[in-house]
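Please look over the sequence and the model shown here before reading on. The report that follows takes a few parts of the structure in turn and describes what can be said about each.

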Amino acid sequence: MTTPITPITPTTPTTTPPAAPALASSMPRTQMGRSIIALEPAEPDPAGATFRGKLSADESQTYTSASPAQVEAACRLAWEAFDRGALADPRARAALLEGAASRLAVQGDALLSLASAETGLSLPRLSGERDRTVNQLRMFAAMVREGSWVEAIIERGNPARTPVPKPDLRRMLRPLGPVVVFGASNFPLAYSTAGGDTASALAAGCPVVIKGHPSHPGTGEMAAWALAHAARDAGLHPGVFSFLHAGGADEERLGAALVRHPCIRAGGFTGSPKGGLALAAIAASRPDPIPFFAEMGSVNPVAILPGALRARAKEIAGALAASVTLSAGQMCTCPGLVLYVAGDDADAGAFEQALREAMLALPVQPMLSERIGASWREGIAQRRSLAGVETVQGGEDRPGAPTLMLTTSARVREHHALSEECFGPSTVCARCESVGDLLRTLAVVKGSLTGTLWTQTDNAADAAAVLKALEAIAGRVLHAGVPTGVEVCPAMVHTGPLPASNRPDHTAVGSLAVRRWCRPVAYQNMPDELLPPELREKNPMGIERLIDGARTAPARPGANA
C-alpha cells in the first residue's frame, strides 16, 4: 500500500534562522558549519553529533549533523515544492541549472583550496573536476531547454477501427518527486552536492535533498550555496533544494531517515557496496518502495592479448600505472585487475618488468581519509598474505604507496579477493596461459563499470570472444586505452552489474542519467487542453516526438529558451 503524502507545513525550528549569506568568493567562517534548509542556513542542533572538517593544513571547522526536525522540514518542503509544480516549467529548471553553474564557477580558488584541504586531492585535479561539474550543469540546462528528453510518443486514436476502436494514447517521462542525493567521498564536486545526481534530478523536475559527505563538509556547503542562490535568483519555491550536514555518530541514522521519509520518492548514492546495498534495502523495504540508484565497487578488468603485449608492452605498462595511481587510485574506474596472455616468457617478463618500473617511479599520494586509507591497507595485507602473490610496492608501506601484485590466473580463480575492488593505488596483474584461460578467469569477475581490451595483430575470433565476455560484466567497454576519465555526453554509460551498481539498466553519467528520476505516464483519450504541453497536438514546446511510428523533427531548436 502506498503511504499517503499530504502537503503540510514543515516542522518549525525552535530558533529563527539568520538571513542567508550573500555570495562571495569564499564563505565567511562565521557562516560555515550550517545545514541549508529550503535555501536558508539552519541553526545547528545543540544535541546533534559534531564532526570536524579541514580548512587548511592547520585549521579546522566544526560541523553539526542535521537534527530529525531539520530532516523532516527539508523533506516536507521538498514535497510541497513538487506538489505545487515548482519545477514544472522547463525554463525555470534551465535557469536554476545555469545559475548554479555560473555561481559555482565564480567561487574560484576558494572552493578549490577548501576541497584540496579536505580531501588531499591536488588543485589541478580539482580544477578539472570543477570545470566538469559546471559543464555538466550547463549540459542538463541545454537538454531541458531543448525538451525532447521527455521521449514523447503519440499514437493517434481511430474511432472507426473495427472490431475495436483504437484509443488515442500519448506517453512521456514524468518526474518521480523529491530525490535524496548522497555525496561521494572521492569526487567532492562532480559526484556530490552539485554533481551529476543533483543536476539530473533537478533537470527532471525533482526537488533535491542532499546528504553531505563528512569527508568534505565545507566543500559541500559552499557548492550548496551556489545552488541555493541560483534557486533564489530563479524565483523558485524554497523547497526545491536543501543540504544537510551528516557526520559522526549521526551519519548512518540521518541517511536512513532520509531514504525512509515518505516525501522522498527516489535516491542516488555513490560509495561502497556495503553502504549502497544497505540504503537500497531500506528503499525497497518501505511501505511504498522507491527506486534507489547506487554506484558502488568496481574492479574494471583489463584484458591484454598477446599481439598487443608483444608490440606495446612498455606503452601499456606506463598507461596502466598512471591510471592505477591517478588521485591515489581513488577512482571508481581504477583498473584493479589486469589479465594478460603472453606469446612466450620473454614477452611476459618484459611486460611485468615495465609495469614494475612504471609503478615504482610514481610517488606516494595522500588518501581521502584515514578510514579509506586503513581499509586499503587492510585489503593489501589480505591479498599479500595469499600464496602465489608477489607484491611490489613503491615508497614506504603506508596509505597511498603505488602497489602492484603479480600472480597467475589460477590464483585469481582460487582467491576471489584478487578479482574484487581494493579502493586505492593498487592493481593485480595475472598471467594467463591462453585466451581460453583468460576467458575462464573473466568468468569469476563480478560486475564492473568498465572493461578494457587491448589487441594488435591478434586473432579476430579471440578478440571477439574476449569482447563478449567483457560486455557481459561491464557497462562500458574500451579498446586500447585506460578506463579512468569519464566523458560526460549522451552516449556515456556509467553503470554495470553488481557490485558496480544495483541498477545496470540506468547510467549515472550523461544526459540519460535523467531517466533514473522519471517514470513513463500514458494519457488515454485525454482532452488536448488537459495534456502536458509536450503531448498537445500543436506541439507548443517545439520538441521532437514519435507520432504514429514516425519521428518528427523539432519545430525549432531551443524552443523553450
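## Parallel strands around strand 16

Strand 13 (residues 337–341) pairs with strand 16 in the parallel sense, and five bridges hold the pairing. In this predicted model, tyrosine 340 has arginine 431 of strand 16 as its bridge partner. Strand 16 also pairs with strand 15 (residues 403–408), again in the parallel sense, here over six bridges, and within strand 16 it is valine 428 that stands opposite methionine 405. Strand 15, helix 12 (residues 409–414) and strand 16 together form a right-handed β-α-β unit.

Strand 16 covers residues 426–432, and six of its seven residues are buried, so this strand is largely enclosed by the rest of the structure.

## Strand 12 and its two neighbours

Strand 12 (residues 301–304) runs parallel to strand 13 and is joined to it by four bridges, with valine 338 of strand 13 as the bridge partner of valine 302. Strand 12 is also joined to strand 17 (residues 448–454), by three bridges and likewise in parallel, and there the bridge partner of alanine 303 is leucine 453. Pro301 and Ala303 point one way from strand 12, while Val302 and Ile304 point the other way, and all of them are buried.

A right-handed β-α-β unit is made by strand 12, helix 9 (residues 306–325) and strand 13. The loop between helix 9 and strand 13 holds alanine 328, a residue other than glycine whose phi is nevertheless positive, near 55 degrees. With a relative accessible area of 0%, alanine 328 is buried.

## Helix 6 and the residues beside it

How far apart should the ends of helix 6 be? Helix 6 (residues 217–233) has 17 residues, which should span 24 Å at 1.5 Å a residue, and its end C-alpha atoms are indeed 24 Å apart, so the two values agree. Of these 17 residues 15 are buried, which means that helix 6 is largely enclosed by the rest of the structure. Just after helix 6 comes glycine 235, which takes a positive phi of about 70 degrees.

Histidine 216 is placed in the loop between strand 8 (208–211) and helix 6. Is histidine 216 buried or exposed? Its relative accessible area is 2%, and because buried means under 20%, histidine 216 is buried. Leaving aside residues up to four places away in sequence, histidine 216 touches Glu118, Thr119, Ala184, Ser185, Pro188 and Ser192.

## Helix 2 and the nonpolar cores

Helix 2 (residues 90–106) has 17 residues and reaches 25 Å from its first C-alpha to its last, close to the 24 Å expected at 1.5 Å a residue. Its buried residues include Leu96, Leu97, Ala100, Ala101 and Leu104, and also Arg93 and Arg103. Among the elements that cover the buried residues of helix 2 are helix 3 (108–119), helix 4 (123–146), helix 5 (196–204) and helix 6.

In soluble globular proteins, nonpolar side chains tend to be buried together. The largest nonpolar core here has 102 residues, of which Leu97, Phe140, Phe241, Leu438 and Val466 touch the most other members. Helix 6 gives the most to this core, with nine residues. Apart from it lies another core, of 33 residues, among them Leu309, Ala317, Leu320 and Val324. Phenylalanine 140 has contacts that include Leu97, Ala199, Ala203 and Val514, where residues up to four places away in sequence are not counted.

## An aromatic pair in helix 1

A pair of aromatic rings is described by the distance of the centres and the angle of the planes. For tryptophan 79 and phenylalanine 82 the ring centres are 5.6 Å apart and the planes are at 50 degrees; angles from 30 to 60 degrees count as tilted, so this pair is tilted. Because the two residues are three apart in helix 1 (residues 68–83), tryptophan 79 and phenylalanine 82 are separated by about one helical turn. Tryptophan 79 counts as buried at 12% relative accessibility, whereas phenylalanine 82, with a relative accessible area of 22%, is partly exposed.

## Two cis peptide bonds

Threonine 162 and proline 163 are joined by a cis peptide bond, with omega of about 5 degrees, and proline 163 lies in the loop between strand 5 (153–155) and strand 6 (169–175). A cis peptide bond also joins leucine 498 and proline 499, where omega is about 5 degrees.

Notes. Residues are numbered from 1 along each chain as its sequence is written. This is a predicted model: local features need pLDDT of at least 70, side-chain atom pairs count only at pLDDT 80 or more; totals for chains, interfaces and linings use all residues. Side-chain values use heavy atoms; hydrogens and water are left out. Buried means under 20% relative accessible area, exposed over 50%, partly exposed in between (1.4 Å probe, protein chains only). Two strands pair if DSSP finds at least two bridges between them. A crossover is right-handed if, with the strands pointing away from the viewer, the path from the first strand over the helix to the second runs clockwise. The expected span of a helix is 1.5 Å times one less than its number of residues. A nonpolar core is a set of buried Ala, Val, Leu, Ile, Met, Phe, Trp, Tyr and Cys residues joined through side-chain atoms within 4.5 Å. Contact means heavy atoms within 4.5 Å. Rings of Phe, Tyr and Trp (its six-membered ring) pair if their centres lie within 6.5 Å; planes under 30 degrees apart count as stacked, over 60 as edge-to-face and the rest as tilted.
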